[in-house]
Structures are given as structure tokens and as C-alpha cells.
Amino acid sequence: LSSNLKMWEMKVDAAAGAGAASSAARPSGTTDAADSTTSSTSGPSSRGRDGPYIPKAAFPGRDRWTTVEEGVEFLPAEGFVGHDISGLPPNLHRQLRSQLTNPYSVQPFVNGESDYDEYQQAWRYLGFVIDCDSYNYDDDSSWDGGTGEGCQRYLIWAAYVDLEYEGGGIGEYQYWDRDDEAWDATPCKYAEGGNSRCAKMDCHLDDTHFSLLGFFKHVSYDDWMEQLFKHEGFCVWSTEEYAFMKGAREAWPQGCDYAGEASDGTTLYYDLKPKNNGFFTVGLYTDTKCVEDYSGSTSVEDILGNLLVSGDGGSGDYDYDFASMYGTFEESLEAWDSAFEAWRICQPCLAHDLKNVGYGFDDDSMKGENYGIYTYGNDDYGGGYNANGADFDCYDAADYTNVNQCMKFMAKTNMQSATFRDLSLASSEGTLVEYVTSEGYSARRNTKKAPSPLGTGIFFLCSTLLTAYGGFMFYKARKEARNMPQFLEQPLSGVFT
């Protein structure tokens, strides 16, 4: 099975004396494919009703079958479109029902959950985990970086569903404004149907009304970022943020690689380094697995430069001089963290532009900042076209409109389910964001802050003084015990009668 479900019809030699070999090779109950008008799927063969063979008569239109070789014919999945497949063998019915579904239509991206509208689904980025015991599923040999021994970094995210969704689309929610640090209820004015319950898009909070759909992880976080940046990122970020992030993305290390020599002669390696609360940076390490932190005076910028500002610091098609704007690695990393903050909070799975609103309103005050800036009519608009645009349309950098970002993660990257072990490991490393689930798996327990040197020093000083005091008191007690009067050491037997 690949993009199409391949269905094979084994032709049977109709000539007399075809022999037992031909009889044994074909499924029980089949007949000559060229002459058959009726057929049975029953019979003693193990490839019976639940087997992979289908009688040709089950589908009208024999011209849809293609001869592959003598005795074998092929029917592409498209040949089933428009036909009732409910009478097929159960396993084929299930497979075809899945294969014939448009992966970008209104459906959830999580297999088996068929009742959720894409507007009621949300997601958020959770953080990274370092796993030294995992099998590397990535088939790109370049992923091993320079050492081939690096402990794998996995990016983890979570998907959610709003079971109280009422059909209001993007306008059914208010959204967290990163600039104002407050909830913005403006989108509720543009809800489909004119009414909105104006619920909070709050799957990043511990008291959220969203329910968890699943946890997912990616070994190739560059692929994940590429899909995010050119679709939902293009519409959620400002133009400046997108221009910077687009270039900076390619600078992140893709595995443990040789960095150079430190000022003290130590051989250094570098890789992505997860930090607390979902943040990450570039780390310097002393081992080829990139797990032993380098603690010397040489910094990342000393040895690798301001690597998030690529090339000459330009922005490609955009008129920004990021080399001047962010002169140090620390400044460019701060700009990265600021933009990436958008994904640590709850986002709809459907790509959207909250500032592209006002269509269908005569009042200019209802028109958003991005009203009318997109070119419509020549993009993939969900299988059709909308030359006039619509509220919240996201016409992205890949020339798509309103794609399902969660579906893109699944269809265009190497996505795996994150297990309890993955989450437990990330928790022990202290690298996840706050409030992973509404059940209380929160950063107050899974985020570890680096201890303060002053606090650590005070703790050890107090511990040393307490130990010394205890030792002194023990010595004093022993000395007093030796000076006790001798009569107290005599047995008391006979004193009392």
C-alpha cells in the first residue's frame, strides 16, 4: 500500500487443462476476469472474503482496470470514487474508506477520531527531549551530523480538541495576544453565523476546556519547523518575525557535530540543547554524543559566531538587515525565542490570519490590518477558489490557503507518537513547557531551574557548619563520659533487697 490502494485481480486461464497449478494459484471462487459477470467471495481458501482479492464484477466499468502483466490487473483507488464500497470484504472496506478520504478535507488528523471538525482542533509545542537509548528512525544519513554518535533530540508537541465547539470557526474563540499579554476577543465579532460563544483558545493553561488528543514527536525538527513556518507561521507572525525565522531555522545543528577547539585546547562538539520550559539553544559539549556540557570560558559565539544570523545578515526577499539588528548570538537567540513563543501557547490546527478580516462588512472599521493584501484566485483554496477572500484566510508562503497545520505535521514529516516514556524522560530533564495536560502534568513539577551558585554555596556552608557542630557535641559527650565517677561504673546488684 502506498498513496493508492493496489487491488489485484488474478486472471484464471479459461482454457481446458490449465492444470492444478493454475487452480492452486487463484483464490477460491474467482473466474476468468475477462468474461466474469458474477463471482463469489466465499470458498475454502484462506484468501476468502477477508482476503486481498476482489471480483471484478463488484465494480462497474471494466475499462478502469489496467493490465499489469499476464494474469494480473490493477485498479487505482480513484476507480472506486462514486461507487458504493459497503459490500466489499470488511478489511478492504476499511482500508478503502481511509484511502479515499482527502487528507486536507474537514476531518481530524488523528486516525480513528472521525467526529471532530478541523476548527475545533488545536495544538501547541511542548519542548525537546534528549534520548540516548532511542532508535533513530530518520532515513537521512546527514542527520547524524559529524560524529554519528549523538544522542537523539526529539521535538514534542500535543494536539487537543474542544468538545464544546458550536460551529463558529476561527471566530468562536478569543486568542492570547503576545504583545499585549491579554486575551483578544476581537475575532469573536467575525464568527460564522454571527454568533460566538467567544471561548478562550487556552489549551496551554491548566484549567483549559480542551481535551487531549495525543502527544507526538519528530526526530527531524527541521522538517517540522519548515512545515510550520511556511504555513501557519507565515500568517501568525509579523513580516519581520517570519523573515528572521525563515533564515535562522537553517542554522540549527542537525545532530552532534565537531565545533572546534576551545581556548584551553579542549575539543568541542555542538548540538541543539534543550532548556527548561520548552526553550532551546545551541550547546557546546566535550563528548561525541553531545551530552557532557562544556563548562569552560569559550562561548558558542566565540567558536561558531552569531550563527542564527545567516550569511550577510540579510533577509532574502525582505528588506531587513538582521546582522545589524541582532549583533550578537544572545540577541538573535532572544529574537528567536520571542517569535517561537507563539507556538508555546495554544493555536488552532487550521492556519489562520486574525488580522485578515472585514469581508462582507460595509463598515471600514471592521476591516483588519491585513484586509485585501493577499492575491486570491490562483491558489489551492480547499479544492476551489474564492476570488473575494474571507475572514481569517491564511494565504501562506507555499501558495495554500487555510491548510490544516496538524495534518501537515503528519503528512509531510516523520511523525511518531510520543510515549509515556518520552514524556517521563522529558519531565526528568526539565525541558517541557507549562501545563502539558489538564490533568496537572505541569511545569511546576516538570521544569527544573538551574540552581543559583550563591544559593548552592550557602547550602553547603550551612551543611558544613552543622556537621562540624554535630561532631563537636559528640566529642564533648564522649569526653564527659570518660570523667564520670568510678562508683557509677560499679554494678548495682545487692543494693536493693
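The legends below describe close-up views of a predicted model.

Local features are given where pLDDT is at least 70 and side-chain atom pairs where pLDDT is 80 or more, while totals for chains, interfaces and linings use all residues. Residues are numbered from 1 along each chain as its sequence is written, and side-chain values use heavy atoms, with hydrogens and water left out.

**Figure 1. Overview of the protein.**
The protein has eleven helices and 14 strands. Helices (H or I, at least four residues) and strands (E, at least two) are DSSP runs, numbered from the N terminus. Of the 497 residues, 42% are buried. Buried means under 20% relative accessible area, exposed means over 50%, and partly exposed lies in between (1.4 Å probe, protein chains only). Contact means heavy atoms within 4.5 Å. Among contacts between residues at least 6 apart in sequence, 64% join residues at least 24 apart.

**Figure 2. The largest nonpolar core, with F340.**
This core holds 51 residues, and W123, W157, W224, W336 and F340 have the most contacts inside it. A nonpolar core is a set of buried Ala, Val, Leu, Ile, Met, Phe, Trp, Tyr and Cys residues joined through side-chain atoms within 4.5 Å. Helix α7 (residues 329–344) gives the most to the largest core, with eight residues. Outside its neighbours within four places in sequence, F340 is in contact with Y125, W224, M225, F229, M245 and F280. A second, separate core has 27 residues, including Y154, F210, F215 and V219.

**Figure 3. Helix α4 and its cover.**
Helix α4 spans residues 239–248, and its buried residues are E241, Y242, A243, F244, M245 and A248. The cover over these buried residues includes α3, α6 (322–325) and α7. M245 is also one of the residues in contact with F340.

**Figure 4. The disulfide between C188 and C198.**
This is one of six disulfides in the structure. A disulfide is a pair of cysteine sulfur atoms within 2.5 Å. With bonded cysteines counted along the chain, the pattern is 1-2, 3-4, 5-9, 6-11, 7-8, 10-12. C188 is joined to C198 with an S to S distance of 2.0 Å. The link of C188 and C198 is right-handed, with 90 degrees about the S-S bond. Both cysteines lie in the loop between β7 (182–184) and β8 (199–200), so the pair ties together parts that are ten residues apart in sequence. C188 counts as buried because its relative accessibility is 11%.

**Figure 5. The disulfide between C203 and C346.**
The S to S distance between C203 and C346 is 2.1 Å. Their link is right-handed, with 110 degrees about the S-S bond. C203 lies in the loop between β8 and β9 (211–218) and C346 in the loop between α7 and β13, so this disulfide ties together parts that are 143 residues apart in sequence. C203 is buried at a relative accessible area of 1%, and C346 is buried at 4%.

**Figure 6. The disulfide between C235 and C394.**
C235 and C394 are joined with an S to S distance of 2.1 Å. The link of C235 and C394 is right-handed, with 85 degrees about the S-S bond. C235 belongs to helix α3 (residues 221–236) and C394 to the loop between β13 and α8, so the pair ties together parts that are 159 residues apart in sequence. C235 is buried, with a relative accessible area of 6%, and C394 is buried, with 0%.

**Figure 7. The buried acidic residue D393.**
D393 sits in the loop between β13 (347–348) and α8 (405–412). D393 is buried and has no salt bridge; K367, the nearest side chain of opposite charge, is 15 Å away. A salt bridge is a side-chain nitrogen of Lys or Arg within 4 Å of a carboxyl oxygen of Asp or Glu. For charge, Lys and Arg count as positive and Asp and Glu as negative, with His and the chain ends not counted. The D393 side chain makes a polar contact with the side chain of N402 (2.9 Å). A polar contact is a pair of N or O atoms within 3.5 Å; within protein, one must be able to donate a hydrogen and the other to accept it, and residues adjacent in sequence count only if both atoms are side-chain atoms.

**Figure 8. T267 in strand β11.**
T267 is found in strand β11 (residues 267–274). T267 is partly exposed, with a relative accessible area of 31%. Not counting residues up to four places away in sequence, T267 touches Y258, G260, E261, Y285 and T286. With E261, the T267 side chain makes a side-chain polar contact (3.2 Å). The C-alpha atoms of T267 and Y285 are separated by 8.6 Å, and the two residues are 18 residues apart along the chain.
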